[in-house]
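User: Could you walk me through this structure with some questions and answers? I am new to reading folds.

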Amino acid sequence: MAVTTVVLAGVGGQGTILAADVLAKVAAAAGLDVKLSEVHGMAQRGGSVDTTVRFGEQVHSPIVDPGMADHLVAFELIEAARCLRFVRPGGRLLVNTRIIDPLPVLIGDTERPEGLEGALETEGAVFLDAEQLACQAGSPKSANIVLLGALSTGLEFDRGQWESVIEERVPAATVEVNLRAFELGRQACIEGECMR
Amino acid sequence: MAAILLSGNEAIARGAWEAGVAVGVAYPGTPSTETLQNLVLMEDVIAEWAPNEKVALEVAAGVSMGGRRALVTMKHVGMNVAADPLFTLAYTGVSGGLVVLVADDPGMHSSQNEQDSRNWGPFARVPVLEPSDSAEALAFTKLAFELSERFDIPVIVRSVTRISHSKGLVEVGERIEAEPKPYEKDAAKWVMMPAMARKRRLDLDERMRALTEWAESDEGPDTVHEGSTELGVVVSGVAYQYVREALPEASVYKVALGFPLAAERIKRFAASVDRIAVVEEADTYLAKSLLAMGIPVEETSLPADGELSPGKVSSAFGMGEPETRAGIEGLPPRPPLMCPGCPHRGAFYALRKARATVTGDIGCYTLAALQPLAAMDSCVCMGAGIGMAHGMALAGASTEKKPVVGVIGDSTFAHSGVTGLMHMAYNAGVGTIAILDNRITAMTGHQGNPVTGRTLSGRQNRELDLEALCAAMGIEHVTVVDPHDLAETERVVKEEVARDELSVIIMRAPCALLLKEREAVYAVNDEACTACGACIRLGCPAISSVEGGKAFIDVTLCVGCAQCVQVCRFDAIEPAGPACDIGGV
């Protein structure tokens, strides 16, 4: 089996690291070799946070170069655009429509380019509003699990494997909300609602 | 037991525990910090935060001399601080095993420089083990304790960000209780004065010879992946993974023991292939060593700075580039920010108002160098903010209109600021030092320190009394101010920098992330807001501008510090109504 690479990109505080951890544990539970690479330290302070999860029969490198990832799960639109180059042509781009303007934009030092969604759509991105689905599930904080639900439709792991890792990994009081969030993200992709 | 997913740091902690480690000591530093935070959770281990890495290594040396196994962890620059005991501990050797984790940060994800800690091996004459993934991080940590006792020497385990902060599958084992060795007085071993040190210097060479012999034997930890004889690559650490991925056909010699190198084994490998190359990041440590062995190492186009990756390796060896997308140009950068409600924001707001030249230091507050505050002029190393403030004054660069202020955080002050301040007091220095006491070591993820008195095991011990410490140095002007009170902070800064004497301002307010209960949050009154941008320029992530440049406060991010209320000249920022439904978290 070839190695599958998923890049999860977002902004500090969006829960990318927890989502990557769930994905890595699901792959490990499925009997695959797994590596996960994250860079934190700045994570709590609103910087970009990219995490790479790779799984397959044998995984060597924990990181990948541009053009090598099979899936991008972008938690935010600007970060989607920033990490687009990591995804190979034909790879899957799953993009949350949320925009978090960075400070240089807020203080007027620079501007966010217009038409990012269109540019990503041209590249084949599918979109969903993860915060809205997360609110439906019961908490906007479960947006990261909504995105995992959407991602799961493009991977070959059993739904039960996902659910048992989510149960084990999220705070006990939020298990129900997160399982609902996973299902809503999954349904959104299966029913094509997340596409535009 | 089944394999579990562990980060390199978790695996090193587990390896130390399995090796029967009795004590772990460290000063936090990215990317090494989580090692001790994991170790403290394990049974039958004492784990402590030290004020700095030198103290940590000295404590560990005492544990070793007392006959128990000890682990010390630090980031690469921490070893600069700990180097003094390290060099001499190579002479004394150990009783209980002594292992030092040094985690490098090629690419400087969270550091002020790049250093290649493999160089401590030949420099201090201590062995260096280099794991290439989490499984080896555990195995090599256990091996390091064995080697330390067997060859009577401290052992370095060298990690990098991509080992410490990457996770992989690891088979964990059980703890082996290491038997304590009773202390026996032995001045010839432990008292390094010239007569004894000269003998231990020769003995150190003997120990290194024995260790090299072991490394050359079948027991040695280096391994060879046999591939094509056309190309052989010598590599260590995480770069091994990049080479296996980028050059699947090549034969690969994996250096596990970076010092001393098993030269004969490496020479035999080199002789078995047509071409020989080295792949390494941070420094040309292996290439230089192999050339010194007389091995004709090929030149490569690998970059000298930053991190390697599989792609950089494959392009350096002409393996072609992957097809990539064009990418989207003109994206705004996303620099890290001080958090909403960060007390440092108030401190630097006041310093900027005073037109101060700020010699800064290492911590969250280094972010003040960035826009929009842009209120820090230098950042060199832990503690430098104080010494450099004094030096700037000596150079005549501190003037009435542009006073120099040295700025340092509480944890950094305890780490290496105390001696700098002592220097200023002793030499009748003139100037102002601001200690930003936010009651935590925040940048590395909220560790206790001597100023907070909270220990790694969660016990509340003595708090270092900064006011009393300054008074004990004979500093007459010590003022405590709450940096959230902008007008008062500004007044105190102006008053203190005007003095022709040494003064200390302790700016004390807890880190915003420590506040369990939020103050009432704020909202912008659209009608009163004139879009002047004063609050935006605080650089608070909770404040953004909406149509027409008017301010908007995100109630999910606001913590109610009220700094923005104080900078608004139009009273446009008011307590938010109670009806803020943010989704029922």
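User: Which strands of chain B does helix H18 lie across?

Analyst: Happy to help! This is a predicted model, in which local features need pLDDT of at least 70 and side-chain atom pairs count only at pLDDT 80 or more, while totals for chains, interfaces and linings use all residues. Residues are numbered from 1 along each chain as its sequence is written, and chains are lettered from A and ligands numbered from 1 in the order in which they are written. Helices (H or I, at least four residues) and strands (E, at least two) are DSSP runs, numbered from the N terminus. Helix H18 (residues 486-497) of chain B runs at about 170 degrees to S17(B) (axes are lines fitted to C-alpha atoms, for helices over the stretch in contact, and angles run from 0 to 180 degrees between N-to-C directions; contact means C-beta atoms, placed from the backbone, within 7 Å), and the strands of chain B it lies across are S15, S16, S17 and S18.

User: What is the strand order of the open sheet of five strands in chain B?

Analyst: Its pairing is parallel, where two strands pair if DSSP finds at least two bridges between them. The edge strands of chain B, S14 (357-359) and S17 (477-481), each pair on one side only. The order is S14-S15-S16-S18-S17.

User: How many bridges pair strand S16 with strand S18 of chain B?

Analyst: S16 (residues 431-437) and S18 (residues 502-508) of chain B pair in the parallel sense. Within this pair, Ile433(B) stands opposite Val504(B). The number of bridges is seven.

User: Where in H4(B) does a kink of about 65 degrees lie?

Analyst: Helix H4 of chain B covers residues 76-92 and lies across S4 and S5 of chain B. The bend at a residue is the angle between axes fitted to the seven residues ending there and the seven starting there. The kink comes shortly before the proline Pro85(B), at Ala82(B).

User: How many of the 17 residues of H4(B) are buried?

Analyst: A residue is buried if 20 or more other C-beta atoms lie within 10 Å of its own, exposed if 12 or fewer, and partly exposed in between, with C-beta atoms placed from the backbone. The buried residues of H4(B) include Met79(B), Leu86(B) and Tyr91(B). They pack against H3, S4, S5, H5, H8 and H9 of chain B. H4(B) is mostly covered, and its buried residues number twelve.

User: Which residue follows H4(B)?

Analyst: This residue has a positive phi, near 75 degrees. Its name is Gly93(B).

Technical notes. Contact = placed C-beta atoms within 7 Å.
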